[in-house]
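Here are a few exercises to work through with the model open beside you. Try each task before you read its solution.

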Number of protein chains: 2
Amino acid sequence: MIMLNKLPEKTIERLSQYRRALLISLNNLKHHIYSHELAAMLHITPVQVRRDIMLIGYSGTLRHGYEIKELINLIGAIIDSEEGQKACVVGSGNLGKAIVSYFNGKRTKLTIVAAFDINPDKVNRVYAGVPCYHIDQMSKIIKSDNITMAIMTVPGSEAARVAESLVIVGIKGILNYTPTPVNVPDNVYLQEYDMITSLEKIAYFVKKNSQEF
Amino acid sequence: MIMLNKLPEKTIERLSQYRRALLISLNNLKHHIYSHELAAMLHITPVQVRRDIMLIGYSGTLRHGYEIKELINLIGAIIDSEEGQKACVVGSGNLGKAIVSYFNGKRTKLTIVAAFDINPDKVNRVYAGVPCYHIDQMSKIIKSDNITMAIMTVPGSEAARVAESLVIVGIKGILNYTPTPVNVPDNVYLQEYDMITSLEKIAYFVKKNSQEF
DNA sequence: ATAACACTGTTAATAAATTAACAAATAAAT
DNA sequence: ATTTATTTGTTAATTTATTAACAGTGTTAT
């Protein structure tokens with residue numbers, strides 16, 4: 001387990017995707033997989049697959065490619081933490097619910113253990129196995145349940161306030177699905193994702209492609 | 001408007017984000033903005049902002065920075081298409097609804113004009129101003145309404161089938177929020193996004209950061 | 001046996017993206 | 001008037017990411 005400290009960021013992303021692809025293959029009763037098969041599933045090149053796998057120090061066999069279970073385990077050893085990590089969703093609207101149900105059933109070391117909302121109709125209900133609490137209890141529950149990560153799905157107008165509370169209570173990673181970027185200190189890992197950017201990017205390339213004829 | 005054919009992909013993404021940041025500033029009654037202000041809003045460096053803006057051929061003024069309205073218009077000229085583009089959402093579950101309501105009110109050239117679902121409880125209803133049709137009507141409506149882009153929010157098990165239909169009916173851009181990657185021909189622009197990957201990546205960096213002490 | 005094939009693993013080359021460095025310009029301050 | 005402080009625009013350097021190239025090797029076919 002050497003050198004793994006400096007895995008490229010993109011490789012980390014792909015490891016997660018490899019694992020999911022591997023699990024699908026496993027379900028199809030496969031035991032081994034070739035780099036080009038994995039590549040096809042992810043729309044990337046076989047070289048990239050081999051290189052990533054090299055970087056994590058795994059070796060396949062020449063004739064059969066990679067042993068699926070072994071590779072899954074190794075990826076887990078790298079990207080999961082043994083104890084597991086807990087996440088919460090802040091904002092139990094459509095997006096919050098979508099995320100919670102999305103995770104439900106997917107067995108990872110990562111679990112969503114709480115949702116928070118301000119709406120009385122939602123608090124004290126359980127959605128897809130995850131209880132929803134009033135946001136006033138957020139700090140208390142994050143601490144008592146030892147939650148390290150938060151997914152923000154509140155309206156943009158609330159984003160700054162929520163992020164601030166999360167940082168204060170000691171959250172270490174934030175995934176912000178709000179349309180409003182937030183600021184956090186350096187020791188908190190922040191990822192912003194905006195659907196509009198994604199769609200506008202697609203729109204741009206659609207337009208561009210259409211102009212090339 | 002020269003050379004804009006080869007804008008880096010990352011620059012395209014940022015242009016969309018710049019525009020949103022600029023609109024916020026405009027709402028705050030600002031008329032000009034400095035590269036470092038824009039940078040701070042997006043958590044990037046001022047150099048990157050200046051470089052991107054250079055690439056699209058805009059110039060600010062030395063003392064006041066960039067003229068917000070002008071810049072917004074220029075970005076629009078690059079990433080929007082004049083006629084506008086229409087998108088649909090396939091799958092009217094929580095995620096589909098979240099996306100529809102997310103776009104609602106955001107005024108862009110990009111509009112979501114239809115949703116599709118298989119569930120009779122959902123079809124023929126209007127959510128956030130967007131009508132939901134039965135998926136059997138998808139091809140017909142995409143053609144008649146001249147829809148060019150689709151956002152897939154169906155269950156993973158349906159992904160391949162839906163993508164195939166979309167391609168056949170002539171969709172030019174697909175945003176796949178399904179956990180299952182799909183295959184499309186080269187002339188269709190595809191973007192896959194998986195929330196689990198995002199969260200696992202955050203988990204990895206949280207773990208990594210915590211080990212660095 | 002040995003040739004042909006189909007893989008992996010890895011280094012080297014290339015391309016893409018980011019950052020550094022600094023000249024040029026202009027307002028404000030002295 | 002001249003200096004100082006800022007800010008842009010742009011080239012060059014650096015870093016990061018991807019792709020190409022190919023040696024090494026087990027397997028199969030002849």
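**Exercise 1.** Which phosphate or base atom of DNA strand C does a backbone N or O atom of A:Gly60 lie close to, and at what distance in Å?

*Solution.* Before you start: this is a predicted model, in which local features need pLDDT of at least 70 and side-chain atom pairs count only at pLDDT 80 or more, while totals for chains, interfaces and linings use all residues. Residues are numbered from 1 along each chain as its sequence is written, chains are lettered from A and ligands numbered from 1 in the order in which they are written, and side-chain values use heavy atoms, with hydrogens and water left out.

Step 1: go to A:Gly60 and pick its backbone N or O atom that sits 2.6 Å from a phosphate oxygen of DNA strand C.
Step 2: hop to the other chain, where a polar side-chain atom of B:Arg14 is 2.8 Å from a phosphate oxygen of that strand C.
Step 3: now look for a base. The side chain of A:Arg50 has an N or O atom 2.7 Å from a base oxygen of DNA strand C.

**Exercise 2.** Describe the protein surface around DNA strand C.

*Solution.* Step 1: collect the residues near the strand (a heavy atom within 4 Å of it). There are 23, and A:Ser35, A:Arg50, A:Ser59, A:Gly60 and B:Arg14 come nearest. On the DNA side, sugar and phosphate make up 64% of the strand C atoms within 4 Å of the protein.
Step 2: sort the residues by class. You get 7 nonpolar, 8 polar and 8 charged; here Ala, Val, Leu, Ile, Met, Phe, Trp, Tyr, Cys and Pro count as nonpolar, Asp, Glu, Lys and Arg as charged, and the others, Gly among them, as polar.
Step 3: find the helices (DSSP runs of H or I, at least four residues, numbered from the N terminus). Helix 2 (35-42) and helix 3 (46-55) of chain A, plus helix 1 (9-27) and helix 3 (46-55) of chain B, each give at least two residues. Helix 3 of chain B has the largest share, 4 residues.

**Exercise 3.** Which side chains of chain A reach a phosphate oxygen of DNA strand D?

*Solution.* Step 1: try A:Arg14, with a side-chain N or O atom 2.9 Å from a phosphate oxygen of strand D.
Step 2: add A:Gln48, whose side chain has an N or O atom 3.2 Å from a phosphate oxygen of this strand.
Step 3: check the surroundings. Of the 24 residues around strand D, A:Leu62, B:Ser35, B:Arg50, B:Ser59 and B:Gly60 come nearest. The largest share of this surface, 4 residues, comes from helix 3 of chain A.

**Exercise 4.** How many residues does each protein chain bring to the contact between chain B and chain A?

*Solution.* Step 1: count residues in contact (heavy atoms within 4.5 Å). Chain B gives 67 residues and chain A gives 67 residues.
Step 2: look for salt bridges (a side-chain nitrogen of Lys or Arg within 4 Å of a carboxyl oxygen of Asp or Glu). The interface has 8 of them. One of these joins B:Lys201 to A:Glu13, with the closest N and O atoms 2.6 Å apart.
Step 3: see what chain B offers. Helix 8 (residues 195-211) of chain B supplies the largest share of its side touching chain A, 15 residues. That side divides into 35 nonpolar, 17 polar and 15 charged residues.

Terms used: A polar contact is a pair of N or O atoms within 3.5 Å; within protein, one must be able to donate a hydrogen and the other to accept it, and residues adjacent in sequence count only if both atoms are side-chain atoms.
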